[in-house]
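Let's take a walk through this structure together, moving from one local picture to the next. Keep the 3D view open as you read.

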Amino acid sequence: MNDMAAAPATITGQAQTYDVATSRHVVAASLLAWLLDACDFFIVLFTLDDVARSFHVSLQSILLAPTLTLLTRPIGAFLCGHAADRYGRKPVMIATIIVYSAIEILSAFAPNLAIFLLLRTLFGVALGGEWGVGTSLIMESIPPSWRGTASGILQAGYPAGYLLASLVFLLLPFVGWRGLFILGGSALLAAVYIWLRVPESPEWLRRRHDQAARATRPPGLWFIVRNNAALCVFAITLMAAFNFMSHGSQDLYPKIFLGLERHLPHPSITLIVVLYNIAAIVGGLFFGVLSQKISRQYSIALAALLTLPFLPLWALSHSPFWLAVGAVCIQFCVQGAWGVVPAYLSELSPASVRATFPGLAYQCGNLIAASNALLQTALATWFGTGLAPAMMLTVGTAATVVLTLILLNARLYGRYRPIQ
């Protein structure tokens, strides 16, 4: 009786038994890593003007930092993903966190703009690698019945990282931008946690054992790409639309739209930002859980569809109250759709490149959507009516593309399978 009472709780799924406590540690560790990664990224965005003044350069010069970070993220997704597919999820995950934490700390001691930009370029490699590796680790280490919920929890790390960075930013008058960057290096704690409490992906270990027994090598990424060209184009196009949806609803919204066009005071803007990031977390969790019941495709499709009727309230309102309501509704839906993405891409990916494929598709789509701010400002100038129509057109088109692609793939999914 005592032995039975002391036995760890387990869940059996797909001919495999999962330890509940271990699965919880994997979910917590992956969330923590992505949250702190996002926090480090947003700290840079919040302090760009302070960094520019410190180096005695223009703001336009320092804006190269996030641009270079963005450009190198696909490189990180490929390098880190390939390493994780070959050497294991856990060691690469730990190495990625150590690297981006070290770069964050080193950035605090950058003596000039050139060194700072170099460090932010390298940071992009680590930033781009973390998401794909973390997604493969979590999705391969938990019961299948948890995947929808875990997907929502993992993706909630991004808006949660934004909120954490906003709180850390309050320390700027006391520690300066360099002090904030040093605090960002505390992400090392996530690496320690993973090292102590998270085992290697059991699915990766099983595949490696089977390959060793058969003396075969798994197909690489380029073989997968050649034999699954339609899948690759679909995934990158889908993630580009996803990123236009998120960046289109966030990048210019607080400072430019609310601040300069709607003339809201800073406290009101801050409150709206906090509220819509909380809504983003709740939306990701809600649609992630829902995806476990109605399928990944239809959960994403529903979130994208619900985005469309809220666009006028979000962009055309003038009072702070209705602007806040619109922002909350939009982010609940947009980030709700995003909450299903880790599980969806992981399950869509061929097993041999599961650490590479989702992250690379995500980061390539993100790179395509990097033109969002320029596109929205160009449309606003062309329309001559401010940002509202441009934001509605960008986000509405992206949501429609996501909806269309997801429904088409849902129709074809039953008879299409990627070559393993």
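**A guided look at helices and rings**

Our starting point is Pro 74, a residue of helix H5. Please keep in mind that the model is a predicted one. Pro 74 counts as buried, because its relative accessibility is 11%, and the limit for that label is under 20%. If you look for what surrounds Pro 74 beyond residues up to four places away in sequence, you will find that it touches Leu 360, Gln 363, Cys 364 and Leu 367. One of these partners deserves a closer look: Leu 360 is 286 residues apart from Pro 74 along the chain, yet their C-alpha atoms are separated by 5.8 Å.

Stay with helix H5, which spans residues 64–87, and bring in helix H7, residues 113–141. The axes of these two helices come within 5 Å and cross at roughly 45°. H5 is therefore oblique to H7, since that angle falls neither under 35 degrees nor in the range of 65 to 115. As for the hand of the crossing between H5 and H7, it is right-handed.

Which residues make this contact? On the H5 side they include Leu 64, Leu 68, Thr 72, Gly 76, Cys 80 and Ala 84. On the H7 side you can pick out, among them, Phe 116, Arg 120, Phe 123, Gly 124, Leu 127, Gly 128 and Val 133. Sorted by character, the residues of the contact of H5 with H7 comprise 12 nonpolar, 8 polar and 2 charged.

A second helix pair gives another angle to consider. Helix H8 (residues 147–155) and helix H9 (residues 157–169) have axes that come within 5 Å and cross at roughly 30°. Because angles under 35 degrees count as roughly parallel, H8 and H9 are roughly parallel to each other. Here Ile 153, Leu 154 and Gln 155 of H8 meet Gly 157, Tyr 158 and Pro 159 of H9. The residues of this contact of H8 with H9 divide into 4 nonpolar, 2 polar and no charged.

Tyr 158 leads us on to the aromatic rings, as it belongs to one aromatic cluster with Trp 34, Phe 41, Phe 42, Phe 46, Tyr 162 and Phe 169. Phe 169 in turn is a contact of Thr 47. Thr 47 sits in the loop between helix H2 (20–46) and helix H3 (48–55). Is this loop residue buried or exposed? Thr 47 counts as buried, because its relative accessibility is 0%. Leaving aside neighbours within four places in sequence, Thr 47 is also in contact with Leu 172, Trp 177, Leu 180 and Phe 181.

The model holds 24 aromatic pairs. One of them joins Phe 286 and Phe 287 in an edge-to-face arrangement, with 5.0 Å centre to centre and 90° between the planes. Phe 286 is partly exposed, with a relative accessible area of 44%, whereas Phe 287 is buried, with a relative accessible area of 1%.

Phe 286 also pairs with Phe 332, this time in a tilted arrangement, at 5.8 Å centre to centre and 35° between the planes. This pair links distant parts of the chain: Phe 286 lies in helix H16 (residues 266–294) and Phe 332 in helix H18 (residues 320–338), 46 residues apart. Phe 332 counts as partly exposed, because its relative accessibility is 24%.

Methods: Residues are numbered from 1 along each chain as its sequence is written. This is a predicted model: local features need pLDDT of at least 70, side-chain atom pairs count only at pLDDT 80 or more; totals for chains, interfaces and linings use all residues. Side-chain values use heavy atoms; hydrogens and water are left out. Axes are lines fitted to C-alpha atoms, for helices over the stretch in contact, and angles run from 0 to 180 degrees between N-to-C directions. Helices (H or I, at least four residues) and strands (E, at least two) are DSSP runs, numbered from the N terminus. Angles under 35 degrees count as roughly parallel, over 145 as roughly antiparallel, 65 to 115 as roughly perpendicular and the rest as oblique. A crossing is left-handed if the near helix is turned anticlockwise from the far one by less than a right angle, and right-handed if clockwise. Contact means heavy atoms within 4.5 Å. Ala, Val, Leu, Ile, Met, Phe, Trp, Tyr, Cys and Pro count as nonpolar, Asp, Glu, Lys and Arg as charged, and the others, Gly among them, as polar. Rings of Phe, Tyr and Trp (its six-membered ring) pair if their centres lie within 6.5 Å; planes under 30 degrees apart count as stacked, over 60 as edge-to-face and the rest as tilted. Buried means under 20% relative accessible area, exposed over 50%, partly exposed in between (1.4 Å probe, protein chains only).
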